[in-house]
Structure formats: structure tokens, C-alpha cells
Amino acid sequence: MSELHKFIFDGLPVRGMLVRLTDAWQEILQRRKAGGGYPPEVMQLLGEMTAAGALMQGNIKFNGALVLQIFGDGPVKLAVVEVQPDLSLRATATVTGDVLPGDTLSRLVNVNNQGRCAITLDPKDRLPGQQPYQGVVPLFGDQHEKLEKLGEVLEHYMLQSEQLDTRLILAADGQVAAGLLIQRLPVQGQGNLQGGQRADEDEIGRNEDYKRIAMLAGTLKREELLGLDADTILHRLFWEEKVTRFVPSTPTFACSCSQERVSGMLRSLGTAEVESIIAEQGRIDVGCEFCGAQYGFDPVDAAQIFTRQESQLPPAPTVQ
């Protein structure tokens, strides 16, 4: 079963999370098999993104979807992970070019250093006119050097957006997608989980407790992160630290696609475009990139999309 563990280091301004996605990650891959699956290099990138998305959603108090996207000019045109507040998640990647064995992040999506990583927070209770919050960072470091690890990209994002020192270790294969996050916070102990507090910028890169624990986290090997259970990992890394752990959460796979959502997408294309597709193909078939569900619309179904819209419009005002 997939698990996300939160923990704090007693008396220190440091908290952590460990996620191991098993059944949820395998469900994502299984639904992609009908389309040929992903090359191993893309599977690893998407798995690391999925683990990172779960960690980032679990790290905030936010009633809405967290969407993590990587896009650029390599064979991977776009990779997307969406995580809801209850840690239900879905993920997909669009591959448009040849992926070579051993391709790293820069070769997959950042060939000419134009790749970007976007993190979007989309509130469920969005007010009229309110836009989702989005932060975008490049896939290169301070000297414009290409970054080859997704964890480094997201560490850079956290430092820019929240002024928080963060250490992020990620790994994925065909069975498990996992990640370990260690973060320095401006408060100590139980207050670490309360959220909404701004870091002391003067402490960036200077707090010795954080640096010690982050260094321990950095000794975690990929095979250990993928192969060991949470108890063993945390004991091996932090057996000399006083750690308080909390009841783990259970990430799950879930897709939010529906007939109504697809109808709304077609409605946004407009009557002329939909009628043009129907005239050319006889019907419209739409497949969900996340879960593989298929939605079909014959001419009658397509016409009803706009008929229902008109019936829901308020009556036009009349002049007496």
C-alpha cells in the first residue's frame, strides 16, 4: 500500500516527509500499457515527479489541486502530475521524439536550456475572477548549468518561492516511486506542521541542525529508497536523532475525468469546430491521457452538448 509519512525532529526547526508509492504508481503505469507504456527513462522521470507532487501537496495546507509540470524542447514534450488535497493523484507524459537509453533530464526535456518546471495551486473554492497561483523555474542552476536531477530543480523552486532550505531525494522504477523531503523551518518542534509561516532569510544555508540532517538524508542510496520500508529507512538515517512520527496518509490513484468535463472541453471549441470534426470523421472520440478512459460522441451526442448549454442560459431580458 502507498504511504506518506510525516515526521519532525524534536526541538529542531526541521521537518521531513517520506513517500513510497506502490499500488498507486503501478496503477498509473498499468493504464498506460495499452498505449505502449513509457521508455524506462521517461518512466523514471514521471515516477519521480509523482513522488515529488505527493510530497509537495502533503507539505502544505491547501484546499485544491497541486499540479507539477515539466515542459521543454526534448522528446518529452510535457509531463504532468496532479495531486488533490486527499492525496489522490494522477500523472501522464507526452513523448514526441526518440528517447535514447540513459537519457537524463536535460536530454529528455531541456536540450537547449529552454525547459521549465511549473507548480500550480488551483483552489477548489476559487472566487470569481481568481486565478490559480503558479510558480515557474528553469531547469538550470545559478550559473545556467543544466540540472540533471528533478530534486535539484524543486529544491531551487522552494528556495526561491518560500526561502526554505530543502533537501529532496527522489527515485522511481516500474514498481515503486519514492521520495524523501527534509526542510528547514523557522519554528521548532510541533510548530513545524502548522504551516503558513515565513522562513528567516538570514538562516538560509546557515542552520547547523538542518545541514546535519540534510547531509544524513543525502547518504540515502537509490536502491535503499526503492527497496526498503519507511521504518527501516528512517531508522538507518536518523537513529541518533529524536524523531516524532505521525500517522501516515495513503496516496491513491484517481482520475477526475468525466463525460461532463469532456463535453465542456468540446463546448469550448465552438459549434463550427465540432461540426467540422463530425463531418470529417462521423463522430468524436476523446481519450483521457491520464487514465485511458474513452469518451465517444456521435452527431446526436455532439448536438446535445450545445442544446443543453442553451437550455441552461438565463432568459433574455425583455422590455415592457
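**Group meeting: a six-stranded sheet and four residues**

Let's start with the sheet. It is open and has six strands, in the order β7-β6-β3-β4-β5-β11, and the pairing is mixed. The edges are β7, residues 133-138, and β11, residues 252-253. Each of those two pairs on one side only. One caution before I go on: this is a predicted model.

Now the β11 edge. Its partner is β5, residues 88-95. The two run in the parallel sense, and two bridges join them. Look at L89: it stands opposite F253 in β11. As background, strands of a sheet pair through backbone hydrogen bonds, either parallel or antiparallel.

Next, what packs on this sheet? Helix α4, residues 150-162, does. It touches β3 (64-71), β6 (116-123) and β7. The direction of α4 makes about 125 degrees with that of β7.

Stay with α4 for a moment. H156 is found in this helix. Is H156 buried or exposed? Buried: its relative accessibility is 18%, and the cut-off for buried is under 20%. Set aside the neighbours within four places in sequence, and H156 is in contact with F140 and D142.

On to the backbone. Most residues other than glycine have a negative phi. Two residues here are worth a look on that score.

Take L87. Its phi is near 70 degrees, so a positive value in a residue that is not glycine. Where does L87 lie? In the loop between β4, residues 76-83, and β5. L87 is buried, with a relative accessible area of 8%.

Then N113. Phi is near 60 degrees, again positive in a residue other than glycine. N113 lies in the loop between α3, residues 105-109, and β6. N113 counts as buried too, because its relative accessibility is 15% and the cut-off is under 20%.

Last stop, T219. This residue lies in the loop between α5 (208-217) and α6 (222-227). T219 is partly exposed, at 46% relative accessible area. Why not exposed? Because that label needs over 50%, and T219 has 46%.

Which residues does T219 contact, leaving aside neighbours within four places in sequence? E224 and L237. There is also a pair to view in space. T219 and I169 are 50 residues apart in sequence. Their C-alpha atoms are 9.7 Å apart.

To recap: an open, mixed sheet of six strands, with α4 packed on it. L87 and N113 have positive phi. T219 is partly exposed in its loop.

Conventions:
Residues numbered from 1 in each chain as written. Predicted model: local features only at pLDDT ≥ 70, side-chain atom pairs only at ≥ 80, totals over all residues. Heavy atoms only, no water. Pairing = 2+ DSSP bridges. Contact = heavy atoms within 4.5 Å. Axes fitted to C-alpha atoms, helices over the stretch in contact; angles between N-to-C directions. Buried < 20%, exposed > 50% of the residue type's maximum accessible area, 1.4 Å probe, protein only.
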